[in-house]
Amino acid sequence: MASYAITISPRLDPYHSPSFIHNGNIPLIRKFLNKFSNHYCLYPEFDDNNRLHYHGIINIKDMIKFRHIKWRMDSTLGYTKITKFKTFKDKLRYLAYSMKQWPENQEYFTEPVIYKSLRRRKKIIQQCHDNKI
């Protein structure tokens, strides 16, 4: 399993706040990334034009699935770019780079986008729902 730097740049949406866009993007990002990875962490940040985007690290377990899903991610979320790390030192540098705005943005965004098993979450939600009925 190889580690990659990942950048996701959602489409510009001038009619909604960045936190609204972020909360809407989290389920979509997890849905796509969980199909070919079981380890990732993305941090939201703003570029010079105050546009929301995400930087992070991802381990891709199935590159073929990623190639088949990438076009759907690009058409649904926005532009996606991955770059393979050459050394462990590059990985550490990129992780620090990904987190550069996190202390400032932490109060607006509740958490970074971290891997969570959607299948397990659905099962727990279904069990809670069954117990109430």
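## A guided reading of the protein chain

The accessible surface of the protein chain comes to about 8800 Å², and carbon and sulfur atoms supply 55% of that area. The model shown above is a predicted one. The chain has 133 residues, of which 38% count as buried. Contacts in this chain often link distant parts of the sequence: among contacts with a separation of 6 or more, 75% are between residues 24 or more positions apart.

The secondary structure provides a convenient map. The protein chain contains 5 helices and 5 strands. Followed along the sequence, these elements appear in the pattern β-α-β-β-α-β-α-α-β-α.

The strands may be considered together. In which order do the 5 strands stand in the open sheet? The order is E4-E1-E3-E2-E5, and the pairing is antiparallel. Strands E4 and E5 (113–114) stand at the edges with a single partner strand each, so one side of each has no neighbour in the sheet.

The pairings inside the sheet can now be followed one by one. E1 and E3 are joined in the antiparallel sense over 7 bridges. Ser3 stands opposite Asn59, which belongs to E3. E3 also pairs with E2, and this antiparallel pairing has 8 bridges. The hairpin of E2 and E3 has 5 residues between its strands, and within this hairpin Asn50 takes a positive phi near 60°. E2 is joined to E5 as well, by 2 bridges in an antiparallel arrangement. Cys41 illustrates both pairings: its bridge partner in E3 is Ile57, while its bridge partner in E5 is Ile114.

Strand E2 deserves a closer look. Of its 8 residues (39–46), 7 are buried, so the strand is largely enclosed by the rest of the structure. Leu42 is found in this strand. Is Leu42 buried or exposed? Leu42 is buried, because its relative accessible area is 0%, and the cut-off for a buried residue is under 20%. Beyond its neighbours within four places in sequence, Leu42 is in contact with Ile6, Ile8, Ile29, Leu33, Tyr54, His55, Gly56, Pro112 and Val113. One of these residues, Tyr54, is 12 residues away along the chain, yet the C-alpha atoms of Leu42 and Tyr54 are separated by 5.8 Å.

A contrast is offered by Leu12, whose place is in the loop between E1 and H1. Leu12 counts as exposed because its relative accessibility is 61%, and exposed residues are those over 50%. The C-alpha atom of Leu12 is 8.1 Å from that of Leu52, although the two residues are 40 residues apart along the chain.

The helices may be taken next, beginning with H1. This helix has 16 residues and reaches 21 Å from its first C-alpha to its last, close to the 22 Å expected at 1.5 Å a residue. H1 has a kink of about 30° at Asn25, shortly before the proline Pro27. Its buried residues are Ile21, His22, Asn25, Ile26, Ile29, Arg30, Phe32 and Leu33. An α-helix has 3.6 residues a turn, so residues three or four places apart point the same way.

Arg30 in helix H1 merits separate attention. Arg30 counts as buried because its relative accessible area is 6%. A polar atom of the Arg30 side chain lies 3.1 Å from the backbone oxygen of Ile114. Ile114 has already been met as the bridge partner of Cys41 in E5.

Helix H2 comprises 14 residues (63–76). Why does its length agree with expectation? At 1.5 Å a residue, H2 should span 20 Å, and its end C-alpha atoms are 20 Å apart, which agrees. H2 nevertheless has a kink of about 35°, centred on Ile69. At the start of the helix, a side-chain oxygen of Asp62 comes to within 3.2 Å of the backbone nitrogen of Ile64. Just after the helix, Gly78 takes a positive phi of about 145°.

Phe66, Ile69 and Met73 are buried in H2. The buried residues of this helix pack against strand E1 (2–10), helix H1 (18–33), strand E3 (52–60) and strand E4 (78–84). With this packing, the reader has followed H2 back to H1 and to strands of the sheet.

Conventions
Residues are numbered from 1 along each chain as its sequence is written. This is a predicted model: local features need pLDDT of at least 70, side-chain atom pairs count only at pLDDT 80 or more; totals for chains, interfaces and linings use all residues. Side-chain values use heavy atoms; hydrogens and water are left out. Helices (H or I, at least four residues) and strands (E, at least two) are DSSP runs, numbered from the N terminus. Buried means under 20% relative accessible area, exposed over 50%, partly exposed in between (1.4 Å probe, protein chains only). Contact means heavy atoms within 4.5 Å. Accessible areas come from the Shrake-Rupley method with a 1.4 Å probe; for residues, only the protein chains shown count as cover. The expected span of a helix is 1.5 Å times one less than its number of residues. The bend at a residue is the angle between axes fitted to the seven residues ending there and the seven starting there. A polar contact is a pair of N or O atoms within 3.5 Å; within protein, one must be able to donate a hydrogen and the other to accept it, and residues adjacent in sequence count only if both atoms are side-chain atoms. Two strands pair if DSSP finds at least two bridges between them.
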